[in-house]
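Hello,

Here is the structure you will be working with. Please look through it first, then read the notes below it.

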Amino acid sequence: MKWSAEAPSNIALVKYMGKQDSFLNIPTNASLSYTLNHLVTAVELEYDPNLTDDQWEPLEQLNLSPRGQERFLAHFQFLKKYYDFDGHFIVRSGNNFPMGTGLASSASSFAALTTVACRALAELTSSKQPSVDELSQLSRRGSGSSCRSFYSPWSVWEGEQARTVDLPFTHLLHDCWIMSEREKSVSSSEAHRRVKTSPYFEGRENRATQRIHALTEALQTQNWYRAYQLTWDDFHDMHRMFETALEPFRYRTPGTDQALLILQDYWDEFGDGPLVTLDAGPNIHLLYRPDQHAMISELRSRFQTQLQDPKA
Ligand code: PMV
């Protein structure tokens, strides 16, 4: 018997960073994200009564590290326990985006695994099929940010529950400037722990809540410049906590900072540009309105020429 499902990735504009409860993955602060519906993970499950353990296999384009496979199968184990089911499966997963897109695939992969596993396990145990809210809450246990991927295009996550928010700009274009493809030295789980020791952690919950209100209003009133400022401030807020933790760490490279200046200059020159954000990594995520389509390649070529020759 086989089941399959897909789920999209998402990018946060007000970031989730720090956990109130690391077992349940309850965040310290609320977050707001845009769902990237074109970047998906597919997961296929094959139930085989003869297997003695679960095993992972790649679908196309994905090579999960041993640590990644372990985390993925541990979440599957958690879901089997939730449904009180003992049998074993082959779990196959793959992304439609190459690893080099700068996107961590944990949001889409955990959302897809939760969706397909709950569907299969509900069927095999003659249980009720789960609601989207239930899927999102279960997925959160495997990867916090994955709970937002169930709601589209805009999603807000607070406490145990994520939900859709109705906002304009429903067809944004996503681009990512890759600054480094090296595996990060500090995982996001470790980052969630260390930020708590930063002096800036105090007040973070309030700052994030206020930013979500302000960003919601900016998007509702189509104030793109204000949305850019708030998004910019929020990723700096998060990176400042990384860099001022008791054991400080840094994801931004000199190239990241230089590229951020190119983006700032562009905004200063034209009074328009993309929304800019960084996750727990050095790569720069950009969101453009559909009418800014030509700006994507224009900014990319500035990035390529100016980074090669900083004086250009
Ligand atoms: O879902 P996790 O535990 O990998 O956390 C990721 C958090 C950030 O990507 C840095 C921010 C966010 O809100 O997605």
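**Helix packing**

Helices α1 and α2 are roughly parallel to each other, because angles under 35 degrees count as roughly parallel, over 145 as roughly antiparallel, 65 to 115 as roughly perpendicular and the rest as oblique. Before the details, note that this is a predicted model, in which local features need pLDDT of at least 70, side-chain atom pairs count only at pLDDT 80 or more, and totals for chains, interfaces and linings use all residues. Residues are numbered from 1 along each chain as its sequence is written, and side-chain values use heavy atoms, with hydrogens and water left out.

Helix α1 covers residues 66–82 and α2 covers residues 106–124; they pack at about 30°, and their axes are 10 Å apart. Helices here are DSSP runs (H or I, at least four residues), as are strands (E, at least two), numbered from the N terminus. Axes are lines fitted to C-alpha atoms, for helices over the stretch in contact, and angles run from 0 to 180 degrees between N-to-C directions. The crossing of α1 and α2 is right-handed (the near helix is turned clockwise from the far one by less than a right angle; anticlockwise would be left-handed).

Helix α1 also meets α3 (residues 132–142): their axes come within 9 Å and cross at roughly 135°. These two helices, α1 and α3, are therefore oblique to each other, and their crossing is right-handed.

Further along, α6 (residues 224–243) packs with α7 (residues 254–270) at about 160°, with the axes 13 Å apart. That makes α6 and α7 roughly antiparallel, with a left-handed crossing.

**The ligand**

The ligand is surrounded by 13 residues, and the closest are Tyr16, Ser145, Arg148, Ser188 and His192 (a residue is near if one of its heavy atoms lies within 4 Å). This shell divides into five nonpolar, five polar and three charged residues. Ala, Val, Leu, Ile, Met, Phe, Trp, Tyr, Cys and Pro count as nonpolar, Asp, Glu, Lys and Arg as charged, and the others, Gly among them, as polar.

An oxygen atom of the ligand is 2.9 Å from a polar backbone atom of Tyr16. In the side chain of Arg148, an N or O atom is 2.7 Å from a ligand oxygen. For His192, a polar side-chain atom lies 3.0 Å from an oxygen of the ligand.

**Two backbone details**

The peptide bond from Ser152 to Pro153 is cis, with omega near -5°. Pro153 lies in the loop between α3 and β7 (154–158).

Asn25 is not a glycine, yet its phi is positive, at about 55°. Asn25 sits in the loop between β2 (19–21) and β3 (26–27).

Regards

Note on methods:
A polar contact is a pair of N or O atoms within 3.5 Å; within protein, one must be able to donate a hydrogen and the other to accept it, and residues adjacent in sequence count only if both atoms are side-chain atoms.
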